[in-house]
Amino acid sequence: MCGIVGYIGKKDATPILLSSLKRLEYRGYDSCGVGVVAQKDGKIHSKKTQGKIQGLTDILKDKPMPTGFVGISHTRWATHGKPTKANAHPHADKTGKILIVHNGIIENYQEIKEALKAKGYPFVSETDSEVIAHLISSLDKGDLLEAVQKAIQKLNGSFALGVISSDHPDKLIAARLGSPLIIGVGCNENFIASDVPAILDRTRKIVYLRDGEVAELQKSSLKIFDFKGKQIKPKVHTVAFKLDAVQKEGFSHFMLKEIHEQPKVLSGMLSSRIKNKKVHLEGLSLTDKQLKGINHVFVVACGTAYHAGLVGKYVIEQLAGVPVSIDVSSEFRYRTPIINKKTLIVAVSQSGETADTLAAVREAKLKGCKVISICNVVGSSLARESHGVLYTHAGPEIGVASTKAYTAQLCMMYLLGLKLGVLKKKISKGRSESLIKDLKRVPSFLMMILKSKAKIRKIARANSHFGCFLFLGRNINFPSALEGALKLKEISYIPAEGYAAGEMKHGPIALIDEYRAVVCVTPEADTYEKMISNMQEIRARKGKIIAIATEGDTAIKQHANNIIYIPSTNKLLTPLVVALPLQLIAYYIAVERGNDVDQPRNLAKSVTVE
Ligand code: M6R
């Protein structure tokens, strides 16, 4: 999704804006731009380009931007209009005095555009965003903050906004409704950004702008107002994570680094959430009595988080005996789910900014449900809007393909299942303690798999030429198959389907021939024999099989072309362990095909629009 960075202070804005914008590259974008109020002539200057920030930097090397102490910059992920220079941000008003950057979608832009055109405002782009610049200009009576406040009253949709004006070189205005925006508080300088990593090397003091707030930043002051103009005291948070967390630290990609971080993330989570052999879920904000009263859990999530929710369904139903429903968030909000006050909504999201998941949560709250979220980003919209939040604390996830956030979400599902199971007396103290013991061994299993990554790379390379992949799993590893397929298609662009293996004969078997590869998730399981039957059916049709199997399973050799072994673990916990080899298969195939692993085409890290 689009990324915004703004600066006001005593330093030259452009280099700061470009280096901070680079830290938002992971969000996904197709064009970019920067604009400042120049010191030399007091005028607005801007440069934009289609393509990467490096391209913009090269343009600025040839024709440097004049020094300016206030500026805004943007990476655009096209929604309205192609990824062209004209559609890139910043957008200027007709006088060329006002410059804006926008993230989100203005739903009533057509109507506003027609009205402004009738008044003689010329439009040069196909975007919805350009109307904002002209609208502010049309309402500007000399007070930029007031003009922005009036303009946003007229906008429907979602926005994070940064606005500068040559008439007010001492001000940077920001506003937020439905799209993330944070403020960085520095010493004689202040920043706005779409996400914390952008400005982490400049300041750790962060104000999370909330929906319906407008901010006026000057170099040494910050004022926040609600949309009606009432002033609000800013709450400054100090961000805990270090700069290392947003750097590759010697790994060739963030995705590979994040895959390697999983043992540490899981052991950190387990040691903070398990005390005296009991699960402690601080942040849940529900009393034991309320938890006991829950008779239905409903998970809402998108993409990888949805797959974590699917595993959660198996886990919670098995451990707590509570029925679990699950919807992708975009479906939940447009149908009539059967939910009530006894339904616990569990919203799962790495970013906490996914528009569909936020909308699902709002819908559920209107129906009187209690909402808890499993979320990675502290202070995100989802965390704020949920009644309780279980933070995964996996650290910033920069790679677009979610890896460590997924296993952290899975881990939280096990902890939630255990907590509910014990409270509802569905599982004994002994079973809970033994599962906790098994959970604690998972990080070391992941380390062992990482040690065998050279072998996984070899297998991935040998299979990277296949034009189509099928991923099969059963029972609790059916979601693992879905996740393996999603990972592969996201970063390798190879068509990949995830299926419950039992469904193979109901359609996907038609795909199988010697040109297809099938990844069979086949750890120790009650359905193991059934998986073997599926593998035989694939071999009979000359399909090539990569099996993920349990160490010591020699019998599988006669069925699979390649085998990746995982350590033997509790059957219920296998999704946590098989996730890592599936991630590595996708990673190495994408690398072999020369793809941009961390910023795959067309994808955005957090999907903040519908
Ligand atoms: O931030 P969220 O967890 O809400 O994001 C949900 C999906 O957009 C996300 O998991 C997406 O599917 C990833 N690219 C998967 O790797």
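Start by selecting the ligand together with Thr354: an oxygen atom of the ligand is 2.4 Å from an N or O atom in that residue's side chain. This fits the rule for a polar contact (a pair of N or O atoms within 3.5 Å; within protein, one must be able to donate a hydrogen and the other to accept it, and residues adjacent in sequence count only if both atoms are side-chain atoms). Keep in mind that you're looking at a predicted model, where local features need pLDDT of at least 70, side-chain atom pairs count only at pLDDT 80 or more, and totals for chains, interfaces and linings use all residues. Residues are numbered from 1 along each chain as its sequence is written, and side-chain values use heavy atoms, leaving out hydrogens and water.

Now click on Ser402, which has a polar backbone atom 2.8 Å from a ligand oxygen. Thr304 also offers a polar backbone atom, 3.1 Å from an oxygen of the ligand. On its own the ligand exposes 410 Å², and the protein buries 91% of that (Shrake-Rupley method, 1.4 Å probe).

Next, show everything around the ligand: 14 residues, with Ser349, Gln350, Ser351, Thr354 and Glu490 coming nearest. Being near takes a heavy atom within 4 Å.

Time to zoom out and colour domain 1 (3-239), domain 2 (247-450) and domain 3 (452-602); the bounds come from an automatic or database domain assignment. The centres of domains 1 and 3, taken over C-alpha atoms, are 44 Å apart. Their contact (heavy atoms within 4.5 Å) takes five residues from domain 1 and four from domain 3.

How much area do domain 1 and domain 3 bury between them? About 290 Å², 33% of it on carbon and sulfur atoms; that's accessible area (1.4 Å probe) lost on being put together, summed over both. Last stop: select Glu25, Lys52 and Trp77, which supply 75% of the area domain 1 buries against domain 3.

Terms used. Buried area is the accessible area (1.4 Å probe) that two parts lose on being put together, summed over both.
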